[in-house]
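Open the model in your viewer and have a selection tool ready. The stops below go from the whole assembly to single helix pairs.

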Amino acid sequence: MSGHKLTQLKALEAESIHIIREVVAEFRNPVMLYSVGKDSSVLLHLARKAFYPAPLPFSLLHVDTGYKFKEMYEFRDAFCKEIGVDLIVRGNEDAIAKGMNPKEFGVARCCGALKTQGLLDALEEGGYDAAFGGARRDEERSRAKERVFSMRDEFGQWDPKNQRPELWSLYNGRIHEGESVRVFPISNWTEMDVWLYIKEENIPIVPLYFAKERPMIERGDMLIPYYEENKDQLLEGETPKMIMSRFRTLGCSPCTGAVRSSATNMTEIVAEAAAARRSERETRIIDHGANSMEDKKKEGYF
Amino acid sequence: MTELNLDLTKEIELLRLVTVGSVDDGKSTLIGRLLVDTKGAFEDQLLAVRKKKGETKIASASEIDLAMLTDGLAAEREQGITIDVAYRYFATPKRKFIMADCPGHEQYTRNMVTGASTASAAIILVDARNGVMPQTKRHTHILGLLGMPHLIVAINKMDMVNFDQATFEKIRQDMTDYCAKQGIKDLICIPMSALNGDMVAVRGENMPWYEGATLLETFESLPVLDDVDAQPLRFPVQLLNRPQTAELPDYRGFMGTIASGTVKVGDKLTALPSGKSSIVKEIVTFDGNLEEAFSPQSITITLQDEIDISRGDMLVHSDSGMEPKKEITANVCWIGDEPLEPKKKYWIKHTTNTLKAMVTEIDFRTDIHSLEQETADQLAMNEIGQIQLKLLKPVYADHYAANRSTGSFILIDSFTNNTVGAGMIV
């Protein structure tokens, strides 16, 4: 025994860097999906580590639904500028112009148009053959069966029964013209690992993850952030209240809830994550259908 | 119940596990039990799989359909089977675990090979009522081939045999005898009831005759790695790092993951296949340069001299004595839909090298039940045999038994691009 030991976070980091480098070595035109959330922040940090001292050999792609929190847009623009990465922003402009929204059209249709179709269009436009995503297997039960290299047909669709076995750390990057892969370098990370790593590495994240008095609408178990410009989201009898709260996960503002919290720094967030009794996806309205994530992935979602 | 782990950044190591077993051995239930007892599953995830709908609180684990927690795909829930490898995560104050949950059904053996390839320990589920089944033997044999460092036999459903010690002892003896034939020595047998939780995270009160460690205690005490950093250095080059920026116009680094061994600044390295040598100038990481690095770190190495090195090459210590191999003898587990056929060309991916290869011969196929070697003209899916491979170009490889990273490869069908074979160099 030579006494060398890697902590579990450093072991996960090494695995993720290995995966990111394999993709750059084996694919013609990779891109990194960047959603501005905490998992994306970790993914981007790992990518910077992978190629240091060289700059990132690929662009970031933000598929924008137009419904992200304004703090997310501010953070995205400032941070990407600061670290000097190439950011591409795309969205399903057609659907946005037609006023697609979850209230009128339903959550499934809105997600399908703005996220899934927006993503597929952007990937096709860029001609990318590999797209990195920050999905984790611990997030959701269909994701628990996802590969690191997730094969997609020419329509970007996932077939859970037709995925390649992944042995050792030998990833098969051979694809036919038109096919692509979605690559998930942080597959083996848990929510807890992500928070711990952000804390350890001092990775900048959107301020919405930290607790603050914020105007909120209380609806059943959910805390829905209230914005002056969207007064019409109030239902009868609801009034916004200032509530000490934060977000465990960030998505679109109409469909992402906050949680009551007093965690204003990373140490407190980690403690809260460790004591959490409910999964982070619970605050995401989109996940709550019977096979919701599995269906979305089959249609081309990441 | 174990305590929550608040500080996973301490000297907490990662242990990768795999569970295998026959269809009804209760594997999903065991994993569900581990998740519940280590709080690796959240309340809303548990509520989604409770037996009685409409409840909003979970009073005890027995109210949860534990298997439903791990069967993630709609088709699995419809058919009540597990189709695909699922990865689960849990932690104790001592360790973090990644567990691959592999289907036991015969046609899905390839998934078991997949899950087992990265694991340091395997848990084989045996139903105490049925004892050692043919499928148990098949899995044990494959685990032996995969060089699984530690085997844990979970003799489950002890509640169905009145927690009878003699039943446990009989199965333990059968497994010990079978493993001896396979050359597997490190075997741990634990009686348990995944449904009740006995001997999983807690001892329970039903088996006072068993004095060994519980399953979770065993997970916490197994060695994480088989000393891969004490092995000779193997550094397969993934990519060249050439920033070509104003600050770094001439920088040339070699990026890769240390497959085994350690490397220090000042070490004399040889690049294979060119055979050219140089001295390690820097070990570069985003967090600063290192004096020394070890497996499985991902690093960038710069050398004192400019030598031509590209992806697929391997850096080793100059006294490694590694020889190129153009012909390889390997055990292969076939995982493709179309059978393996001699004279057919495949792509082989070995470390960071992908090249054409031809199967020149099938030496034998192993009958999983009798372990007899028999002649064969092809290997169908889920079959195991020994083959001869001829490579287009020589590679630098180790025996799988000596080095899991440089001794393993995958075969890729050159028409479909699917991964069809898992190979271990003999």
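Domain bounds, as used on this tour, come from an automatic or database domain assignment. For chain B, that assignment gives domain 1 (13–225), domain 2 (229–317) and domain 3 (324–425). Colour chain B by these three ranges before going on.

**Domain 1 against domain 3, chain B**

Select the contact between domain 1 and domain 3 of chain B: 14 residues come from domain 1 and 14 residues from domain 3. On the domain 1 side, the elements that give two or more residues are α5 (109–117) and α6 (134–145) of chain B. Highlight α6(B), since the largest share of that side, six residues, comes from there. By class, the domain 1 side divides into four nonpolar, five polar and five charged residues.

**Confidence**

This is a predicted model. Its scores are ipTM 0.91 and pTM 0.92. Now colour chain B by pLDDT: the average is 87, and 85% of the residues score at least 70. Next select residues 1–6 of chain B, where pLDDT stays under 50. The model has 16 contacts beyond four places in sequence for this stretch. Where pLDDT is low, the predicted coordinates should not be read in detail.

**Chain A against chain B**

Show both chains and select the residues in contact between them: 55 residues from chain A and 62 residues from chain B. On the chain A side, α1 (8–26), α2 (38–51), α7 and α8 each supply at least two residues. Which helix of chain A gives the largest share of the side that touches chain B? Select α1(A), which supplies 10 residues. Coloured by class, the chain A side shows 26 nonpolar, 12 polar and 17 charged residues.

**The two domains of chain A**

Hide chain B. Chain A is assigned domain 1 (8–195 + 291–299) and domain 2 (206–288), so enter both ranges when selecting domain 1. The centres of the two domains of chain A, taken over C-alpha atoms, are separated by 24 Å. In the contact between them, 21 residues of domain 1 meet 20 residues of domain 2. To view the domain 1 side, select α3 (70–83), α5 (102–105), α6 (107–126), α7 and α9 (292–299) of chain A, each of which supplies at least two residues. That side of domain 1 has 11 nonpolar, three polar and seven charged residues.

**Helix α7(A) with α8(A)**

Select α7 (residues 191–201) and α8 (residues 266–275) of chain A, whose axes lie 10 Å apart at an angle of about 170 degrees. The two helices are therefore roughly antiparallel to each other, and their crossing is left-handed. From α7(A), show A:Glu191, A:Met192, A:Trp195, A:Leu196, A:Ile198 and A:Lys199. From α8(A), add A:Met266, A:Thr267, A:Ile269, A:Val270, A:Ala273 and A:Ala274. The residues of this contact comprise nine nonpolar, one polar and two charged.

**Helix α7(A) with α2(A)**

Keep α7(A) and bring in α2(A): these helices pack at an angle of about 55 degrees, with axes 10 Å apart. α2(A) and α7(A) are therefore oblique to each other, and the crossing is left-handed. The contact uses A:Lys38, A:Asp39, A:Ser41, A:Val42 and A:His45 of α2(A). Opposite them, α7(A) contributes A:Val194, A:Tyr197, A:Ile198 and A:Glu201. By class, this contact has four nonpolar, two polar and three charged residues. To finish, select A:Ile198, which takes part in the contact with α8(A) and in the contact with α2(A).

Terms used:
Residues are numbered from 1 along each chain as its sequence is written. Chains are lettered from A and ligands numbered from 1 in the order in which they are written. This is a predicted model: local features need pLDDT of at least 70, side-chain atom pairs count only at pLDDT 80 or more; totals for chains, interfaces and linings use all residues. Axes are lines fitted to C-alpha atoms, for helices over the stretch in contact, and angles run from 0 to 180 degrees between N-to-C directions. Helices (H or I, at least four residues) and strands (E, at least two) are DSSP runs, numbered from the N terminus. Angles under 35 degrees count as roughly parallel, over 145 as roughly antiparallel, 65 to 115 as roughly perpendicular and the rest as oblique. A crossing is left-handed if the near helix is turned anticlockwise from the far one by less than a right angle, and right-handed if clockwise. Two residues are in contact if their C-beta atoms, placed from the backbone, lie within 7 Å. Ala, Val, Leu, Ile, Met, Phe, Trp, Tyr, Cys and Pro count as nonpolar, Asp, Glu, Lys and Arg as charged, and the others, Gly among them, as polar. pLDDT is the predictor's confidence in each residue, from 0 to 100.
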